[in-house]
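Colleague: I would like to go through this model with you. Show me the structure, and I will ask how you reach each label.

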Amino acid sequence: MTAITDHGRLAARRRGLALAVLAGALALDLSGLGVLNAALPVIEDQFGLDSATLQWAMTAYAVTFAGFLLFGGRVADVYGRRLVFAVGVVLFSAAALAGALAPDFSVLIVARAAQGVGAALSGPAALALLMECFPEGPVRNRALGIYAAVGAASFSGGMLLGGMLTQNFGWRSVLVFSAVFGVVVLGATRAGLPGGKGHRGSLDLPGVVSVTAGLVLMVFAASRGGETGWSETGTLGALAAAVISLVMFALWERRAREPLLPPVIFRVASVRAAALTAFLQYASSVGLLFFAPLYLQGMLGYSPLLSGLSVIPMSLTVFLTANFCTGRLLGKFGTRPLMISGLVLMGVGPLLWMWTPLDGTYWLHALPGFVLSGIGQGLAFPAMTSAALTGVDQRQHGVAGALNTIAQQIGASVGVAALVMIATAAAGEGQAGLLSGYHMAYLTAAAACLLGVLIIAITRPWNGEK
């Protein structure tokens with residue numbers, strides 16, 4: 001009896017270490033999107049940049065992260081998830097160190113792009129490993145809640161940490177910290193994660209090239225369109241090239257012997273529902289975070305620091321909901337009710353911002369929307385993460401996880417770009433006119449979330465749904 005108990009404790013400690021490693025990698029990947037945010041003005045001054053060039057310190061990471069995700073998922077499935085996970089963390093950390101030592105801005109951009117590739121390799125492998133390490137049931141639901149909570153805290157936490165490090169030690173210290181953190185995660189990888197070989201198969205190189213080019217160009221076009229306008233020649237050219245590449249990918253996958261993204265995955269109802277939830281969650285939440293500082297700083301006169309601190313309640317609410325509530329609710333109700341409830345709250349959150357006036361107050365006009373959106377994210381993220389792999393062959397978990405992460409990144413880039421375009425088109429004269437444009441973007445985000453609720457509600461049941 002004692003031996004069995006000791007074995008159970010050892011297994012629990014091993015799973016705890018695995019969760020710490022996987023959540024640490026998620027924190028690396030998501031904080032990588034915002035960790036340099038506070039350092040941008042310092043980087044701009046040091047290298048003498050204009051704002052259009054400066055934004056590539058952020059965009060280079062986002063473009064390669066989104067663009068290489070399917071490649072990362074397929075490589076993990078073929079060559080082994082722990083191996084690819086470790087390679088991704090190594091590349092991320094080495095690139096962070098290269099960025100910290102960058103003698104000029106061009107080297108920094110290349111380093112940031114390489115970091116994005118590293119995150120695209122480790123991210124899908126991490127999600128597949130999470131499902132492999134934790135058996136279905138309460139243990140997995142609890143792990144998903146913690147995993148989601150860490151992810152929720154990582155973006156805003158990265159922005160705050162980046163600001164503190166930049167102010168006290170300079171902008172290069174931000175990337176040094178990322179490199180050191182990556183080494184810590186890597187050091188625990190072998191002990192914490194299961195080994196195992198990949199599944200025999202090809203990489204489908206034509207599919208890899210076409211879909212990676214298409215996704216990179218799509219996110220690039222969305223980023224450029226938000227910066228220079230959607231009618232600009234470069235933006236239109238990138239969009240056209242993205243569409244052509246993705247059409248070529250779709251045509252190739254129909255005839256490929258071992259497709260990179262098997263069409264059968266799209267027939268799984270839970271995968272489709274999870275992808276839709278992922279897109280809407282990131283379009284809504286990142287969209288709210290995009291417009292919030294414009295309102296708080298531009299209309300209420302907040303300082304950049306106070307504006308940054310004002311969004312902390314949303315991240316804190318996500319963390320608390322995902323960590324302490326969602327795991328138990330998943331076991332009781334299943335994934336569909338939580339995704340629906342989460343999307344409803346994520347729609348109500350920005351909808352409340354439609355009543356923000358020019359002389360508004362934080363506690364009355366901003367905080368309620370932040371809190372409701374945060375609760376919605378905390379409910380939806382673990383549920384959609386679980387649903388993304390439900391009913392999918394275990395040999396394809398890496399690709400299925402990558403597909404869900406791609407939906408998140410497309411929501412955060414293309415979805416937010418669409419909201420900005422709507423706000424710009426609806427804006428009138430002066431501050432009041434500008435605010436009316438923001439209100440139209442909030443209404444659009446809310447309507448999209450509620451439409452997503454309707455679509456998921458009428459979707460046929462999937463395997464394991466309660």
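Modeller: Keep in mind that this is a predicted model. Start with burial: of the 466 residues of the protein chain, 54% count as buried.

Colleague: Why is Cys-133 called buried or exposed, whichever applies?

Modeller: Buried means under 20% relative accessible area. Cys-133 has 16%, so Cys-133 is buried.

Colleague: And what makes Cys-325 buried, exposed or partly exposed?

Modeller: Its relative accessible area is 35%. Partly exposed lies between the 20% and 50% cut-offs, so Cys-325 is partly exposed.

Colleague: How many disulfides does a search of the whole structure find?

Modeller: Zero. A disulfide needs a pair of cysteine sulfur atoms within 2.5 Å, and the search of the whole structure finds none.

Colleague: What is the secondary structure of the protein chain?

Modeller: The protein chain has 19 helices and zero strands.

Colleague: How do you know whether the protein chain is as compact as a globular protein of that length?

Modeller: The globule rule gives 23 Å for 466 residues. The radius of gyration is 21 Å, close to that value, so the chain is as compact as a globular protein of that length. Its C-alpha atoms fill a box of roughly 70 × 50 × 50 Å along the principal axes.

Colleague: What share of the contacts in the protein chain with a separation of 6 or more comes from residues 24 or more positions apart?

Modeller: They account for 83%.

Colleague: And what does the protein chain expose?

Modeller: About 19400 Å², with carbon and sulfur atoms supplying 69% of it. As for charge, the chain has 26 positive and 18 negative side chains. The centres of the two sets lie 16 Å apart.

Methods:
Residues numbered from 1 in each chain as written. Predicted model: local features only at pLDDT ≥ 70, side-chain atom pairs only at ≥ 80, totals over all residues. Heavy atoms only, no water. Helix = DSSP H or I, 4+ residues; strand = E, 2+ residues; numbered from the N terminus. Rg over C-alpha atoms; globule rule 2.2 N^0.38 Å. Buried < 20%, exposed > 50% of the residue type's maximum accessible area, 1.4 Å probe, protein only. Contact = heavy atoms within 4.5 Å. Areas by Shrake-Rupley, 256 points an atom, 1.4 Å probe, with all protein chains shown as cover. Lys, Arg positive; Asp, Glu negative; His and termini not counted. Charge placed at Lys NZ, Arg CZ, Asp CG, Glu CD.
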